[in-house]
Amino acid sequence: MSGPAPEVKSVWRLIVLALGFFFLYMPIIVLIVYSFNDSQLVTVWSKFSLRWYKELFVGVQQQSEAIRSGVLLSLTIGFFSASFAVVLGTISAFVLTRFDSFRTKTLFSFLTTAPMVLPDVIIGLALMLLFVALENMTGGLYDWLNGMKVEEGTLWSGIHSALTYCASKIAGWPEKGAFTIWLAMVTLTSAYVSVVVRTRLQEMDNSIEEAAMDLGATPLKTFFVITIPSLFPAILSGWLLAFTISMDDVVITQFVSGPGAKTLPIVVFSSVRRGVSPTINALASIIVLVVSVCTFIVWYTMHRKDKKRQREYGMMSVRQKAEREKSDTPKA
Amino acid sequence: MKLKTSRLRRLHFRGSSCVIGAPYLWTILFFFIPFLIIFKISFADVSDTSQPPYSDLTSYEDNHVNIALNVGNYLDLFRCEDEEDCNVWKIDYDFLNFESVGLNIRDSLKGFFDAISTEFHVTIYIEAFWNSVKIAAVSTLICLLIGYPMAWSIAHSSQAMRSVLLMLVILPSWTSFLIRVYAWIGLLKPNGTINNVLMWFGIIHEPLNMMHTSFAVYIGVVYAYLPFMIMPLYTAISRVDNSLIEAAEDLGAKPFTILTKILLPLTSGGMIAGSMLVFIPAVGEYIIPELLGGPYNILIGQQLWIDFSNNHDWPKAAAIAVAMLLFLLVPIIWYFKQQKNEGVSK
C-alpha cells in the first residue's frame, strides 16, 4: 500500500511534540504573563494590573507616544507596500509559470526570489546606496542645468528654464523616509508573494481556463473571471505575508529610513536595546493576540475548504478519481 | 492536452513583453543595480569631505580618464596593520594530547610545532566572519536535530491534528521576529525567569550569567529560525512513500537502519532546503546578536553596520557585503538547485 504517512501511536512522538511546542511557545507565554505585572521591573512579579496597557494607549511617556505614531506609520507603509507587492509578485509569478522560456528566465527567476534568502544587512546596504546614488543624480542634474550659461531671449532659454524648474522639483529625490522604506519593502515582499502565487499556479487546473476560452471568452476576460478568482486565496495569503513582513522589518528599514520616519519596529528596537520595558511587553502581547486571531481565521477558512474538497473527492467514482490522479501527475 | 496548453499560453499573453516589463524593470532597478553599486563602491576610497562619504572611481584630468580602483578595502579585511584592529589567535594544539591513552602527539612533535608559528594575527573582520559562520553552522545543526523529530512527529500525527500542529509551528513566525527575540531577554537575564525558576527549585544558588553571551545568541538563532527548518522537513517527510518503510520492516530492518537507509536519504532535499533557510540568513544576522549577544563576540552583520553607521566607512561596509555575498553564493545556488529539482519531481 502506498500513500501518506500513517498515524504512529507512540509516547515518544507525544513527548517530542510537547517539548518542541514548549520551546516554541514558552517565551511568548512568559512575555504575555509579565505584561500584566504591576512592577516596573518586568521579571519580578508584584500584582496583576493593566497599567502598562493603559500607558500604551493613553500614556504620555515619550516611549508610548513614539510607539503610537510608529504604529500608524508602519500600518500605512505595510498596507501600501503589500498592495503593490501583490500586483508585482502576481505578475512575476505568471511570467515564471505561464510563459514559454525566454532568454533571461533563469536570471529573472533568481532575481525575483533572491531577496527571500539574502541577509537583510546586504539588501539594506544595497538599497541605501542606490537611493543615495539616485539622490546624487537628481541633485547633480539640477546643479548642472542651473550652472549652464544660456543666452537670454532665445527659444533654448525658455526650454532651459522649464527644465531647470522640473529639475528643482525632483532634486534630492528620493529623500530618505517613508517613501524609500516603501520602495524597499515592495522589493523585499514581492519576492514572497511571487513564490506563494507561483505554487498555487503550478497546482492549478488549466482545463477551466481552456473551457472558458473554448466557449468564446477572450483571454483578458478569462484572466479576470476565472484565473484571478481561483488565485484569490494565494493572493490574499501573499498580501498578508507581505504586510506582516513589512510591519516587522528592522534592518532594511534602519538602512533606508531617514531621521523622520520612525516605524514601529525601529521604535521598539531602539527601546529594547536599552533593556526590557513593561510597555513593550504590553505591545508585544497585543501584536501576538492580533496575529494569532488573524492566522487562526485564515487557517480555519482554508482548512474548511480543504475538508470540503476532500469530501467531494471522496464522493467521486473510482474512474473519476483515476482521471483526477492522472491529470495531477506531471506532464513533463 | 499538450497542444491545448500551448495554445492557451499563446492566447493568454499575446504581446506579453509589456506584462513581463513591470516586475522585470522593478527587479533590475531595485535589486540588480544596487548590487552593481555596492560592487563599485567597494573599490572606492573613503573621503571625509564629500557627501556621500566615498570618492569617485573615475576622474578626468588632462584629457585622460583615470580609473582608481582601491582594493585596499578588501585587503584590509585580511591584512593586519593596525594593532588595534587585530586580535591574536593562539593555537596550543591541545587537541593532539591524548594522554589518557598514553599518546601525546603534541609533546613528541614539540620541535615541529615550535618551528611553525602558533600565533595568528587576525583582523576583527576575519574574527567577526568566523564567529558568524560558526554560530550559523552550529545553530543550523541544532535546528536540524530539534526540527527533524518534530517534523516527523507532525507528519505522523492523525490527519486532523496535522494541520493544527503545522499552523502552530508557523504561528510564531507570523508574529514579530523582533518580539520573539525580545522575549528571550526577559528569560535569560540574571534576574530573569529561567534564573528565578532554577533558584526557586534550588538547582542553582547564584544566577547563571546567560545574557550577552554566545549561548544566548545560539538560543536566539535556533528559536527564531526553527519554523523555517520544520516546514521543508515536514513536506519532505510526508512525501516519503510509506510502503518502502513497511517493506523494510517486513524484511526485518531495525528502526535505525530504516532511518539511515530510507528516511534520511529520501528526505535529504528537505534537509538541505531547511538548512539553507536557516544558515544563509543566520550568517548575516543583526538583530539577535545586537539584543542577546555580548560586546566581545561581534558578528559580521553587526560589523557591517558599525562600519557603515559609526565609522562612516561606506566602502569598507560595501567590501564586507561583497565578501559575504561571495561566501553565501555557494549555499544560495545550492538552495536554488534544490528548489528546482523539487519543482521537477513534483
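This is a short talk on a two-chain structure, covering the interface, the salt bridges and a few places in chain B.

Hello everyone, and thanks for coming. First, some housekeeping. This is a predicted model, in which local features need pLDDT of at least 70 and side-chain atom pairs count only at pLDDT 80 or more, while totals for chains, interfaces and linings use all residues. Residues are numbered from 1 along each chain as its sequence is written, chains are lettered from A and ligands numbered from 1 in the order in which they are written, and side-chain values use heavy atoms, with hydrogens and water left out.

Let me begin with chain B. It has 16 helices and six strands; helices (H or I, at least four residues) and strands (E, at least two) are DSSP runs, numbered from the N terminus. Chain B has 346 residues, and 47% of them count as buried. Here buried means under 20% relative accessible area, exposed means over 50%, and partly exposed is in between, with a 1.4 Å probe and protein chains only. Now take the contacts in chain B with a separation of 6 or more: 70% of them are between residues 24 or more positions apart. By contact I mean heavy atoms within 4.5 Å.

One helix to look at is α13 of chain B, residues 268–283. How far apart are its end C-alpha atoms? They are 22 Å apart, which agrees with the 22 Å that its 16 residues should span at 1.5 Å a residue. That expected span is 1.5 Å times one less than the number of residues. In α13(B), 14 of the 16 residues are buried, so the helix is largely enclosed by the rest of the structure.

On to the interface. On the chain B side, 97 residues are in contact with 101 residues of chain A. The area buried between the two chains is about 9,300 Å², and carbon and sulfur atoms give 77% of it. Buried area is the accessible area (1.4 Å probe) that two parts lose on being put together, summed over both. Which three residues supply more than any other three of the area that chain B buries against chain A? They are B:Trp26, B:Trp174 and B:Tyr182, with 9%.

There are also twelve residue pairs in polar contact between chain B and chain A, both residues being at pLDDT 80 or more. A polar contact is a pair of N or O atoms within 3.5 Å; within protein, one must be able to donate a hydrogen and the other to accept it, and residues adjacent in sequence count only if both atoms are side-chain atoms. Helix α2 of chain B (residues 17–41) gives the largest share of the side that touches chain A, with 17 residues. By class, that side has 65 nonpolar, 21 polar and eleven charged residues. For these classes, Ala, Val, Leu, Ile, Met, Phe, Trp, Tyr, Cys and Pro count as nonpolar, Asp, Glu, Lys and Arg as charged, and the others, Gly among them, as polar.

Now the salt bridges. Side chains of opposite charge can pair when their charged atoms come close. The rule used here asks for a side-chain nitrogen of Lys or Arg within 4 Å of a carboxyl oxygen of Asp or Glu. It gives five salt bridges over all chains, and one across the interface of chain B and chain A. Which residues form the one between A:Arg273 and its partner's chain? The side chain of A:Arg273 meets that of B:Glu290, at 2.5 Å from N to O. A:Arg273 is partly exposed at 39% relative accessibility, and B:Glu290 is partly exposed at 24%.

Within chain A, A:Asp38 pairs with A:Lys47, the closest N and O atoms being 3.4 Å apart, and with A:Arg51 at 3.9 Å, N to O. A:Asp38 is in the loop between α1 and α2 of chain A and A:Arg51 in helix α2, so this pair ties together parts that are 13 residues apart in sequence. A:Asp38 counts as buried at 17%, whereas A:Lys47 is partly exposed at 48%.

Last, two histidines of chain B. B:His212 has a positive phi, near 55°, and sits in the loop between α9 and α10. B:His312 has a positive phi near 50°, and its place is in the loop between α15 and α16.

Thank you for listening!
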